[in-house]
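Subject: Structure for you to look at

Hello,

Here is the structure I said I would pass on. My notes follow below it.

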Amino acid sequence: MTATEVTILDKTFVPYITEQEIADRVADMAAQINKDYEGRKPLLIAILNGSFIFAADLFRGLHIDAGISFVKLASYLGTSSTGKVVTAIGMDANITDRHIIIVEDIIDTGKTLHEFLPEIYGRNPASVSITTFLSKPSALQYDVKARYTAFDIENKFVVGYGLDYNGLGRNLPCLYILKDRSE
Ligand code: 5GP
Ligand code: MG
Ligand code: MG
């Protein structure tokens with residue numbers, strides 16, 4: 001066991017993406033959004049809980065007029081999806097004719113967004129794009145495409161930078177990945 005590993009409950013995680021790498025990518029994404037949405041006033045809709053740190057960092061990098069609102073959806077229990085998406089806090093913002101940027105922590109199977117997107121489109125926004133901190137392309141089961149992705153990662157469980165394992169680990173400043181038993 002090396003000093004950089006972290007143990008949360010029954011699982012051990014190893015460092016995967018550094019704070020600096022994250023900061024650089026998030027700054028790049030913010031710069032791209034500033035460019036793509038220049039002259040418009042997009043509304044970010046961040047999906048709680050996992051995206052709150054990413055959303056805060058991304059939002060601070062925006063120099064255009066932009067708003068932010070939050071919804072709370074959950075489909076995960078422990079380290080695997082329960083397959084059921086539950087809306088714990090719904091949408092209160094008026095999004096009709098707004099340019100919406102959905103902010104996710106991670107697209108895994110894509111089920112969460114697949115179920116949430118019709119709710120967004122049903123309110124007649126001017127446009128919708130998705131920005132996600134992480135994506136697991138090999139786990140994708142639904143036709144959900146992010147316009148902006150900070151990192152494509154392998155199909156293993158990760159924690160840190162807002163993402164949790166059973167409610168813990170969100171405050172880790174960089175991203176950690178589940179350690180293989182063989183390591
Ligand atoms: P999906 O509906 O795309 O399968 O899963 C989306 C949600 O599952 C994410 O927003 C996130 O909350 C959770 N999730 C998926 N993969 C991981 C992971 O590797 N680590 C953590 N902590 N959460 C994950
Ligand atoms: Mg999420
Ligand atoms: Mg979670």
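Two strands are taken as paired if DSSP finds at least two bridges between them. With that in mind, Val-159 stands opposite Tyr-176 in strand 10, and strand 9 is joined to strand 10 by 2 bridges, the two running antiparallel. Please bear in mind throughout that this is a predicted model.

Confidence

The average pLDDT of the protein is 93, and 93% of the residues reach at least 70. The ipTM is 0.96 and the pTM is 0.94.

The four-stranded sheet

Strands 9 and 10 belong to an open sheet of 4 strands, in the order 1-2-10-9, with antiparallel pairing. Its edges are strand 1 (6-8) and strand 9, each of which pairs on one side only. At one end of that order, strand 1 and strand 2 are held in antiparallel pairing by 3 bridges; Thr-7 has Thr-12 in strand 2 as its bridge partner. Next, strand 2 (residues 11-17) pairs with strand 10 (residues 175-178), again antiparallel, over 4 bridges. Here Pro-15 stands opposite Tyr-176. Tyr-176 thus has a residue of strand 2 facing it in Pro-15, and Val-159 also stands opposite Tyr-176.

The nonpolar core

The largest nonpolar core has 39 residues, and Phe-54 and Val-103 are the ones with the most contacts inside it. Strand 6 gives this core its largest share, 6 residues. Which residues does Val-103 contact, leaving aside its neighbours within four places in sequence? They are Leu-44, Ile-45, Ala-46, Ile-47, Ser-51, Phe-54, Ala-55, Leu-58 and Thr-131. Phe-54, the other residue named above for its contacts in the core, is therefore on the list for Val-103, as contact here means C-beta atoms within 7 Å.

Ligand 1

There are 19 residues around ligand 1, and those that come nearest are Asp-108, Thr-109, Lys-111, Thr-112 and Leu-163. By class, the shell has 8 nonpolar, 6 polar and 5 charged residues. At least two shell residues come from each of strand 4 (67-77), strand 6 (99-107), helix 3 (111-121) and strand 9 (158-159). The largest share, 4 residues, is from strand 6. Strand 6 therefore has the largest share in both places, the shell around ligand 1 and the largest nonpolar core, with strands counted as DSSP runs. Strand 9, an edge strand of the sheet, also supplies at least two residues of the shell.

Regards

Notes: Residues numbered from 1 in each chain as written. Chains lettered and ligands numbered in written order. Predicted model: local features only at pLDDT ≥ 70, side-chain atom pairs only at ≥ 80, totals over all residues. Near = placed C-beta within 6 Å. Nonpolar A, V, L, I, M, F, W, Y, C, P; charged D, E, K, R; others polar. Core = buried A, V, L, I, M, F, W, Y, C linked by C-beta atoms within 7 Å. Buried ≥ 20, exposed ≤ 12 C-beta atoms within 10 Å, placed from the backbone. Contact = placed C-beta atoms within 7 Å. pLDDT = per-residue confidence, 0-100.
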